[in-house]
Amino acid sequence: MAAGPWSHVARPGLSDDIDFEIKGQELQFVEIELDPGESAVAEAGAFVWKDASIDMTTVFGDGSGGADGGFMGKLLGAGKRLVTGESLFTTVFTHRGSGKARVAFASPTPGSILPIRLADVGGTLICQKDSFLAAAKGVSIGVAFQRRMMTGLFGGEGFIMQKLEGDGWVFVQMGGTLVERELRPGEQLHVDTGCLAAFTPSIDFDLEMVRGVKSMFFGGEGVFFARLTGPGKVWIQSLPFARLAGRMMAAASGGGGNRGEGSVLGGLGDLIGGND
C-alpha cells in the first residue's frame, strides 16, 4: 500500500482519524499530522521529533483507552505486550494546541513501514511480535498464540505474534523489502517463518516440514517453513532482523563463512527456527 503525501480517508470509528506521510526509502520514518485533541501511540524508542504543541505522556499498557479500563485492564494489556517482547509502557502524543501539528516516528532497522487501516482488513492484523511502531490512539495491541501443537513447539518467531485490533491506522515495521500477496480460498504459500511479516486472521497458518534429509540438514534453512492457506492477505519481509543480527554476530566472531543461518553448523536453535 503506497502512502502518498498526507494520506487520509475520513470515516467514523473509535480510533482517532489521523493523517500521515511515510518518508524515505530503506530507512523510513512516518510523519503523523494531528488535529487539536487527536493522539498517536508509539512504541518506546520510536520517537524522532514533534511540534511543541504536542504533549508526550508515557502510559502503562497500550494506551488504547478501551472500556475495560482501570488498573486490571491496564495490567492485562501490559502483560500481553511483555509476552510479545515489547515494553510495558507506550508513549501517547496528544495535540494540545490549535491548527495542525506533526510528530514523527522511525523504524530502528533498515526496511519498510507498512501503513494499514484496520477497518479495511476486518479490524484485526496479526504480525511479527516486534513489528508494531505506532498507531492512532484507540488501537489495541495484544498477543496471538498459535493453537496447533506443532506450530507452538517449532514455530520459532511465528509462535507468539502481535495482534492489532481496532478500526484506525497502524504502522508496522518490516525488514528489507516488503511484498504483499493476496491468497484466494484454498491457495497456499510457503514462507520462511522469519520472513512472514503479517497476515489477516482469515489466513490459516501452519508449519510444514522440509522434505528430504539433505535439504533439512544442509540446505541452510530451517526444518520447518510456514504454510499459509487463503483466503486473505499476507505480507512478506525480505530481511528479518534476526537474520541480519545473526550475520553480524557471525562476522564479528569470525564465523562469517557459514552461509546458512539455519544449517546444522549454526546450532540446534538455528536448525529449528531457520532465522537466527
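Let me begin with a definition: a polar contact is a pair of N or O atoms within 3.5 Å, and within protein one of them must be able to donate a hydrogen and the other to accept it. The model before us is predicted, and one such pair in it joins the side chain of glutamine 162 to the backbone of lysine 129: a polar side-chain atom of glutamine 162 lies 2.9 Å from the backbone oxygen of lysine 129. Glutamine 162 belongs to strand S12, residues 160-165. Its relative accessibility is 0%, and because buried means under 20%, glutamine 162 counts as buried.

I turn now to the sheet. Four strands form an open, antiparallel sheet, in the order S1-S2-S7-S4. Strand S1, residues 19-23, and strand S4, residues 47-50, are at the edges; each has a single partner strand, so one side of each has no neighbour in the sheet. From one strand to the next, the twist averages 20°.

Consider the S4 edge. Three bridges link S4 to strand S7, residues 101-106, in the antiparallel sense. Within this region, lysine 50 is opposite valine 103 of S7.

Which residues make the nonpolar surface patch of about 340 Å²? They are Phe47, Val48, Trp49 and Met56. S4 supplies the largest share of this patch, namely three residues. Methionine 56, by contrast, is located in strand S5, residues 54-60. Is methionine 56 buried, exposed or partly exposed? Its relative accessibility is 46%, and partly exposed lies between the 20% and 50% limits, so methionine 56 counts as partly exposed.

Definitions and conventions: Residues numbered from 1 in each chain as written. Predicted model: local features only at pLDDT ≥ 70, side-chain atom pairs only at ≥ 80, totals over all residues. Heavy atoms only, no water. Pairing = 2+ DSSP bridges. Helix = DSSP H or I, 4+ residues; strand = E, 2+ residues; numbered from the N terminus. Axes fitted to C-alpha atoms, helices over the stretch in contact; angles between N-to-C directions. Patch = residues over 30% accessible without salt bridge, like charges linked within 9 Å, V, L, I, M, F, W, Y side chains within 5 Å. Areas by Shrake-Rupley, 256 points an atom, 1.4 Å probe, with all protein chains shown as cover. Salt bridge = Lys/Arg side-chain N within 4 Å of Asp/Glu carboxyl O. Buried < 20%, exposed > 50% of the residue type's maximum accessible area, 1.4 Å probe, protein only.
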